[in-house]
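User: I am new to this structure and would like a short tour of it. Could we begin with one helix and go on from there?

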Amino acid sequence: MRVGVPREIKVHEYRVGLTPDAVREYVSAGHEVVVQAGAGSGINAADAAYEAAGGAIVANADAVFATADMIVKVKEPQPAEWKLLRDGQILFTYLHLAPDPEQTRGLLASGCTAIAYETVTDASGGLPLLVPMSEVAGRLAVEAAGSALSRHSGGRGVLIGGVPGVPPARIVVIGGGVVGTQAARMAVGLGGDVVVLDRSLPRLCQLDELFHGRVRTRYSTAQALEEEVLAADAVIGAVLVPGASAPKLVSRAMLGGMKRGSVLVDVAIDQGGCFETSRATTHAEPTYEVDGVIHYCVANMPGAVPLTSSYALNNATLPFGLALAHGAMKAVTSDIHLAAGVNVHRGMLTNRAVAESLGMPFTDLASAISAQSAPGRTEDWTRRGY
Ligand SMILES: NC(=O)c1ccc[n+]([C@@H]2O[C@H](COP(=O)([O-])OP(=O)(O)OC[C@H]3O[C@@H](n4cnc5c(N)ncnc54)[C@H](O)[C@@H]3O)[C@@H](O)[C@H]2O)c1
């Protein structure tokens with residue numbers, strides 16, 4: 001199959017769909033890879049590195065979209081890209097269609113098969129292509145907290161690890177999932193006094209085992225939350241209730257009782273935020289202050305470290321991408337986890353949750369594929385034996 005990697009065009013997006021290492025894997029497996037000139041510039045991967053990996057550099061996005069059988073990206077396609085997608089082409093990227101009817105209509109009109117990273121599943125019921133970005137965000141959250149705690153940033157002027165004779169900062173992590181675990185790991189590594197609150201007892205057990213007592217775990221009741229938040233130097237909000245907006249766990253009234261110059265890092269801001277006073281910020285201006293408490297609420301935290309994030313994302317997407325390249329329809333019909341990723345197939349919306357949230361008609365994937373198999377609807381890559 002010919003795989004195409006366009007340069008990301010969403011504002012401030014510096015990640016890339018395939019790193020040179022991943023291109024080498026595709027090429028070794030017998031596929032062709034076309035890469036738009038400059039696609040890797042955000043991670044300092046020169047065109048020459050892609051060529052050394054066996055990729056072919058083409059001048060612009062038009063040349064990528066016009067010739068590739070599968071497009072591998074990071075962010076959802078922008079309006080200019082909807083028009084470049086072709087009937088029968090595979091698109092493999094983050095989509096987040098549920099709140100985005102315009103993009104959904106654009107993808108439906110293109111006739112492409114759009115596979116969303118965020119809905120690909122794994123055997124344990126997880127979302128393996130979301131995990132790497134949660135890992136990055138969790139680790140970054142502690143860096144963000146440490147920076148915001150500096151006096152010159154408006155913080156309390158506390159060093160996370162303290163020094164001998166001076167106690168460390170109290171770091172409260174609300175939600176002990178992927179983000180929370182990585183945040184706790186970083187905070188412990190820096191010598192912080194760390195507590196993780198969660199509503200899942202099995203999760204708290206796992207964390208207790210994992211950190212050998214170096215992290216306090218606490219069941220997340222309103223009382224426990226209030227006690228911990230009021231004593232905190234930094235609070236990291238890392239909760240997720242699947243399919244729902246984040247619950248507001250820290251009210252504005254609680255801010256008045258917090259230490260002046262303490263910090264709230266709301267990683268869950270992409271789900272509406274778990275602090276009442278959170279509003280989404282950007283890397284250009286990541287923090288603001290409410291009632292003497294510094295808020296950090298960047299909605300795309302991994303964008304700050306595109307090199308790490310691109311490699312982390314590629315590590316997770318590579319096996320799925322290779323399976324698609326070996327035979328896209330065979331891969332989605334034989335692997336329920338990849339099938340779960342198919343949101344749009346040749347003009348039909350094949351993800352029930354997305355269809356319901358957009359109020360659009362849903363077609364199950366098997367019916368969509370058999371409709372597409374009707375005479376006269378054979379994709380290029382099927383004709384070519386992929
Ligand atoms: N801002 C960013 O750039 C960024 C990047 C990645 C992920 N995120 C977001 O971070 C959040 C966490 O993601 P994750 O991958 O760690 O999810 P996860 O499902 O792995 O973990 C969420 C945890 O929250 C716990 N939880 C739910 N309700 C709770 C409550 N009331 N009190 C305490 N704990 C509670 C759950 O039991 C679970 O352990 C999500 O909203 C995700 O979208 C944001």
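**Helix α7 and its surroundings**

Analyst: The buried residues of α7 pack against α6, β7 (170-174), β8 (193-198), α8 (201-211), β9 and β10 (234-237). Please keep in mind that this is a predicted model.

User: Which residues of α7 are buried?

Analyst: In α7, the buried residues are V179, G180, T181, Q182, A183, A184, A187 and V188.

User: What span should α7 have, and how far apart are its end C-alpha atoms?

Analyst: Helix α7 covers residues 178-189, which is 12 residues, and at 1.5 Å a residue it should span 16 Å. The end C-alpha atoms of α7 are 17 Å apart, which agrees with that expectation.

User: What follows α7?

Analyst: G191 follows α7, and the phi of G191 is positive, near 90 degrees.

User: Let us turn to the ligand. Which residues come nearest to the ligand?

Analyst: There are 29 residues around the ligand, and of these S134, V179, D198, D270 and M301 come nearest. V179 is also one of the buried residues of α7.

User: What polar atoms of the protein does the ligand approach?

Analyst: Three cases can be described. An oxygen atom of the ligand is 2.6 Å from an N or O atom in the side chain of D198. A nitrogen atom of the ligand lies 2.9 Å from an N or O atom in the side chain of S220. With A299, a polar backbone atom is 3.1 Å from an oxygen atom of the ligand.

User: Where is S220 found?

Analyst: S220 is in the loop between β9 (215-219) and α9 (222-231).

User: Is S220 buried or exposed?

Analyst: S220 has a relative accessibility of 5%, so S220 counts as buried, because buried means under 20%.

User: What is S220 in contact with, leaving aside its neighbours within four places in sequence?

Analyst: S220 is in contact with L197, D198, R199 and L225, once the neighbours within four places in sequence are left aside. D198 thus appears again: the side chain of D198 has an N or O atom 2.6 Å from an oxygen atom of the ligand.

User: A new topic: how many aromatic pairs are there?

Analyst: The count comes to 2 aromatic pairs. In one, the rings of F92 and Y117 have their centres 4.7 Å apart and their planes at 90 degrees, so this pair is edge-to-face. The pair links distant parts of the chain, 25 residues apart: F92 is in strand β5 (residues 90-93), and Y117 is in the loop between β6 (113-116) and α6 (131-148).

User: And the other pair?

Analyst: Y94 and Y117 also form an edge-to-face aromatic pair, with 4.9 Å centre to centre and 80 degrees between the planes. Y94 lies in the loop between β5 and α5 (101-110) and Y117 in the loop between β6 and α6, so this pair ties together parts that are 23 residues apart in sequence. F92, Y94 and Y117 form one aromatic cluster.

User: How accessible are those residues?

Analyst: F92 counts as buried at 0% relative accessibility. Y117 is buried as well, with a relative accessible area of 0%, and Y94 counts as buried at 3%.

User: Which ring does the charged end of R279 sit over?

Analyst: The charged end of R279 sits over the ring of Y288, 3.9 Å from the centre of that ring.

User: Lastly, where is A371 found?

Analyst: A371 is in helix α15 (residues 365-372). At 40% relative accessibility, A371 counts as partly exposed. The C-alpha atoms of A371 and G126 are separated by 30 Å, and the two residues are 245 residues apart along the chain.

Conventions:
Residues are numbered from 1 along each chain as its sequence is written. This is a predicted model: local features need pLDDT of at least 70, side-chain atom pairs count only at pLDDT 80 or more; totals for chains, interfaces and linings use all residues. Side-chain values use heavy atoms; hydrogens and water are left out. Helices (H or I, at least four residues) and strands (E, at least two) are DSSP runs, numbered from the N terminus. Buried means under 20% relative accessible area, exposed over 50%, partly exposed in between (1.4 Å probe, protein chains only). Contact means heavy atoms within 4.5 Å. Rings of Phe, Tyr and Trp (its six-membered ring) pair if their centres lie within 6.5 Å; planes under 30 degrees apart count as stacked, over 60 as edge-to-face and the rest as tilted. A charge sits over a ring if NZ of Lys or CZ of Arg is within 6 Å of the ring centre and within 35 degrees of the ring normal. The expected span of a helix is 1.5 Å times one less than its number of residues. A residue is near a molecule or strand if one of its heavy atoms lies within 4 Å of it. A polar contact is a pair of N or O atoms within 3.5 Å; within protein, one must be able to donate a hydrogen and the other to accept it, and residues adjacent in sequence count only if both atoms are side-chain atoms.
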